[in-house]
Amino acid sequence: WPTDLRPARVRGHDAGIRWQEIQPSNSGSYDWGRLDAWLSKVESMGAIPVFTVFGTPAWASSRPAEASAYGINGLAAEPTNMSDLANFVTAVANRYGTRIPFYEVWNEPNSTGFYTGTRAKLCDMVKTVSQAVKAVTPTVKVICPAITSFTENAGSSGEVYLTAMLTQQ
């Protein structure tokens with residue numbers, strides 16, 4: 001296997017940089033340590049970072065007692081107030097600017113361990129993140145949630161979910 005291969009892009013999911021890890025309370029303070037370290041590592045590899053906006057903190061969660069795939073209650077639910085999400089991503093955008101050129105909204109939302117809200121709420125989250133981030137850094141891209149379970153056979157859960165999500169208003 002070649003030893004000199006380098007990734008072109010690095011996705012931040014599972015890097016210890018979930019929303020609930022960066023902003024564990026509604027105090028207005030943030031723990032940027034892991035995100036700083038992750039971003040520096042990605043940049044040192046010459047790769048482009050993709051920040052996955054994922055993991056609602058319990059204090060912001062619409063269902064704070066609900067279980068998630070990570071064993072962290074509230075994490076898989078949409079926020080009660082989209083303004084909390086907007087404030088979080090605005091803080092990220094203000095701190096990092098165009099160093100983070102891609103924001104991916106959520107991880108595998110068609111898997112209930114990772115997202116338990118509706119497609120319409122997910123679309124609200126994508127719009128919220130897009131508007132908030134682009135108000136600070138207009139050139140960044142907000143990309144669609146990473147869907148899981150795609151197959152070569154049309155009509156599987158990933159294709160069905162994504163198609164239905166894309167028809168939301």
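Welcome to the tour. The nine-residue selection to start from surrounds the largest cavity, and its lining divides into three nonpolar, four polar and two charged residues. Keep in mind as you go that this is a predicted model.

**Stop 1: the cavity**

Select G12, H13, D14, A15, G16, I17, R18, T52 and F54, the residues that line the largest cavity. Its volume is about 30 Å³, and the structure holds one cavity of 30 Å³ or more. If you want to picture how such a space is found, rolling a probe the size of a water molecule over the atoms shows where empty space is left.

Stay with D14 for a moment. You will find D14 in the loop between β1 and α1. Its phi is near 65°, a positive value in a residue other than glycine. Is D14 buried or exposed? With a relative accessible area of 53%, D14 is exposed, even as it takes part in the cavity lining.

**Stop 2: helix α2**

Now select residues 33-44, helix α2. Try a distance check between the end C-alpha atoms: they are 17 Å apart, which agrees with the 16 Å that twelve residues should span at 1.5 Å a residue.

Next, colour L35, W38, L39 and V42, the buried residues of α2. They sit on the same side of the helix, because they cover an arc of only 95° around the axis. Turn to the other side of α2 and you meet K41 and S44, which are exposed.

What covers the buried residues of α2? Show β1 (9-11), α1 (19-22), β2 (48-53) and α3 (82-96), which are included in that cover. Before leaving, click on G46 just after α2, where phi is positive at about 75°.

**Stop 3: helix α3**

Move on to α3, one of the elements covering α2. Its 15 residues should span 21 Å at 1.5 Å a residue, and the end C-alpha atoms are indeed 21 Å apart.

Select the buried residues here: M82, D84, L85, A86, F88, V89, A91, V92, A93 and Y96. To see their packing partners, display α1, α2, β2, β3 (102-105) and α4. Just after α3 comes G97, with a positive phi of about 55°.

**Stop 4: the loop between β3 and α4**

Carry on to E108, in the loop between β3 and α4. Although E108 is not a glycine, its phi is positive, about 40°. Its relative accessible area of 24% makes E108 partly exposed.

**Stop 5: A132 in helix α4**

Select residues 119-136 to bring up helix α4, then pick out A132 within it. A132 counts as buried, at 9% relative accessibility. Which residues does A132 touch beyond its neighbours within four places in sequence? The contacts are A86, V89 and T90. A86 and V89 are also among the buried residues of α3, and those residues pack against elements that include α4.

For one more distance, draw a line between the C-alpha atoms of A132 and A91: they are 9.4 Å apart, with these positions 41 residues apart along the chain.

**Stop 6: helix α5**

End the tour at residues 157-166, helix α5, and highlight its buried residues G158, E159, Y161 and M165. Look down the axis of α5: the buried residues fall within an arc of 165°, so they line one face of the helix. Leave α4 on display from the previous stop, since the buried residues of α5 pack against α4.

Methods. Residues are numbered from 1 along each chain as its sequence is written. This is a predicted model: local features need pLDDT of at least 70, side-chain atom pairs count only at pLDDT 80 or more; totals for chains, interfaces and linings use all residues. Side-chain values use heavy atoms; hydrogens and water are left out. Helices (H or I, at least four residues) and strands (E, at least two) are DSSP runs, numbered from the N terminus. The expected span of a helix is 1.5 Å times one less than its number of residues. Buried means under 20% relative accessible area, exposed over 50%, partly exposed in between (1.4 Å probe, protein chains only). The arc is that of the directions from the helix axis to the C-beta atoms. Contact means heavy atoms within 4.5 Å. On a 1 Å grid over the protein atoms alone, a cavity is a set of points where a 1.4 Å probe fits but cannot get out, and a pocket is an open set with protein on both sides within 12 Å along at least five of seven lines; lining residues have an atom within 4 Å of a point. Grid points are joined across faces, edges and corners, and a volume is the space filled by probe spheres set on the points. Ala, Val, Leu, Ile, Met, Phe, Trp, Tyr, Cys and Pro count as nonpolar, Asp, Glu, Lys and Arg as charged, and the others, Gly among them, as polar.
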